[in-house]
Amino acid sequence: MAIADTLSVSEFFYSLQGEGRTTGVPAIFLRLSGCNLVCGGQAALHDFQKHEPATWVCDTIAVWLKGTSYGFESLLEKLNQETDFINRLRKGAHLVITGGEPLLHQQNIVAFLAFVEDNYQLRPIIEIETNATILPLAGLDARVHYWNTSPKLSNSGMPLPRRIQNEVLAFFNKNEKTMFKFVLNSYEDWLEIESDFIQKQSLDKQKMVLMPAASSIDELLIINKIVADICIKNQVRMCSRLHVEIWNQLTGV
Ligand code: SF4
């Protein structure tokens, strides 16, 4: 089997989209392994805790560090058994390809989607969640309906040259399928978004959505109010975190 006929998968499940402009849509999540960033600081790879200057930590590190390489046929068999994959996608559920950073696997994603189309005559509604540091292939862009990008601020603990790629941000800024989702918990974070992304990168404010950095209900209740205030004052769209509201700190739901 050629490498391109496999996907390295950390987990998959059927649920509701919990963030961004498609919040609440029934969706199958396919989480691919690996990431080119470590939000929370590089040391978070080992203890999953945040390290200064990070003010939050990626809540899926423990999941995306693991991965199983599946051939497409065996992956589809498993997906069909456990999520009723093809039937649900035919009925309009979105396929949310997430990570980690799924664009590390973009050739394999294109090949997988072509395999689904060839074998099931199906082109599902695709959302891809990316940290906007890797330029998408044209062949992938042609299949994607929603680019859910999440550029990182200094509050991620990642140095600027790793988290801001001018050419990639310019590509997404021009792409009509893009939403820029920023995770923040203070007014200082908003000032950084204004300076580093609106002024320096000319990102379109209309494509932005601000989301609280919170991994528990208790945190969310406090930070939602801070973010709502920023959004009202600066006329920017806001979203909360549906999964935290419903399931608190559980992942894979
Ligand atoms: S880019 Fe996303 S998946 Fe990667 S470490 Fe940051 S929050 Fe986690």
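**Notes on the sheet, the loops and the ligand shell**

1. Strands β4 and β5 (residues 125-130) run parallel and are joined by 4 bridges. In this pairing, His 94 has Ile 125 of β5 opposite it. Between the two strands the chain passes through helix α5 (residues 106-120), giving a right-handed β-α-β crossover. The model is predicted, and this applies to every point below.

2. On its other pairing, β4 goes with strand β2 (residues 26-32): the two run parallel, with 5 bridges between them. Here Thr 98 in β4 stands opposite Arg 31.

3. Is strand β4 (residues 94-98) enclosed or open to the outside? Of its 5 residues, 5 are buried, so the strand is largely enclosed by the rest of the structure. A residue counts as buried when 20 or more other C-beta atoms lie within 10 Å of its own. In a regular strand, side chains alternate between the two faces of the sheet. In β4, His 94, Val 96 and Thr 98 lie on one side, Leu 95 and Ile 97 lie on the other, and both faces are covered.

4. The sheet as a whole should be read next. It is an open sheet of 9 strands with mixed pairing, in the order β3-β1-β2-β4-β5-β6-β7-β8-β9. The edges are β3 (68-71) and β9; each has a single partner strand, so one side of each has no neighbour in the sheet.

5. The mixed pairing can be followed strand by strand. β1 pairs with β3 in the antiparallel sense over 4 bridges, and Leu 7 has Tyr 70 in β3 as its bridge partner. β1 also pairs with β2 in the antiparallel sense, over 7 bridges; one of the matched positions is Ser 15, whose bridge partner in β2 is Ala 27. Further along the order, strand β6 (residues 146-149) and strand β7 (residues 178-184) run parallel and are joined by 3 bridges. In that pair, Met 179 in β7 is opposite Asn 148.

6. Which residues surround the ligand? They are Cys 35, Leu 37, Val 38, Cys 39, Cys 58, Thr 60, Gly 99, Gly 100, Glu 101 and Asn 131. By type, the shell divides into 5 nonpolar, 4 polar and 1 charged.

7. Two members of that shell, Gly 99 and Gly 100, are joined to each other by a cis peptide bond with omega of about 15°. Gly 100 sits in the loop between β4 and α5. A cis peptide bond also joins Glu 52 and Pro 53, where omega is about 5°. Pro 53 belongs to the loop between α1 (44-47) and α2 (61-64).

8. The loop between α1 and α2 also holds Phe 48. This residue is not a glycine, yet its phi is positive, about 60°. Is Phe 48 buried or partly exposed? It has 15 C-beta neighbours inside 10 Å and therefore counts as partly exposed.

9. Gln 235 is another non-glycine residue with a positive phi, about 50°. Its place is the loop between α10 (217-234) and β9 (237-238). With 8 other C-beta atoms within 10 Å, Gln 235 is exposed.

10. Helix α3 (residues 72-83) can be checked for length. Its 12 residues span 16 Å from the first C-alpha to the last, close to the 16 Å expected at 1.5 Å a residue. Just after α3 comes Asp 84, with a positive phi of about 55°.

11. Glu 19 shows how parts of the chain far apart in sequence can meet. It lies in the loop between β1 (6-16) and β2, and counts as buried because it has 21 C-beta neighbours inside 10 Å. Leaving aside residues up to four places away in sequence, Glu 19 touches Lys 181, Met 211, Cys 239, Arg 241 and Leu 242. How many residues separate Glu 19 and Lys 181 in sequence? The separation is 162 residues, while their C-alpha atoms are 9.0 Å apart in space.

Methods
Residues numbered from 1 in each chain as written. Predicted model: local features only at pLDDT ≥ 70, side-chain atom pairs only at ≥ 80, totals over all residues. Near = placed C-beta within 6 Å. Nonpolar A, V, L, I, M, F, W, Y, C, P; charged D, E, K, R; others polar. Buried ≥ 20, exposed ≤ 12 C-beta atoms within 10 Å, placed from the backbone. Pairing = 2+ DSSP bridges. Right-handed = clockwise from strand over helix to strand, strands pointing away. Expected span 1.5 Å × (residues − 1). Contact = placed C-beta atoms within 7 Å.
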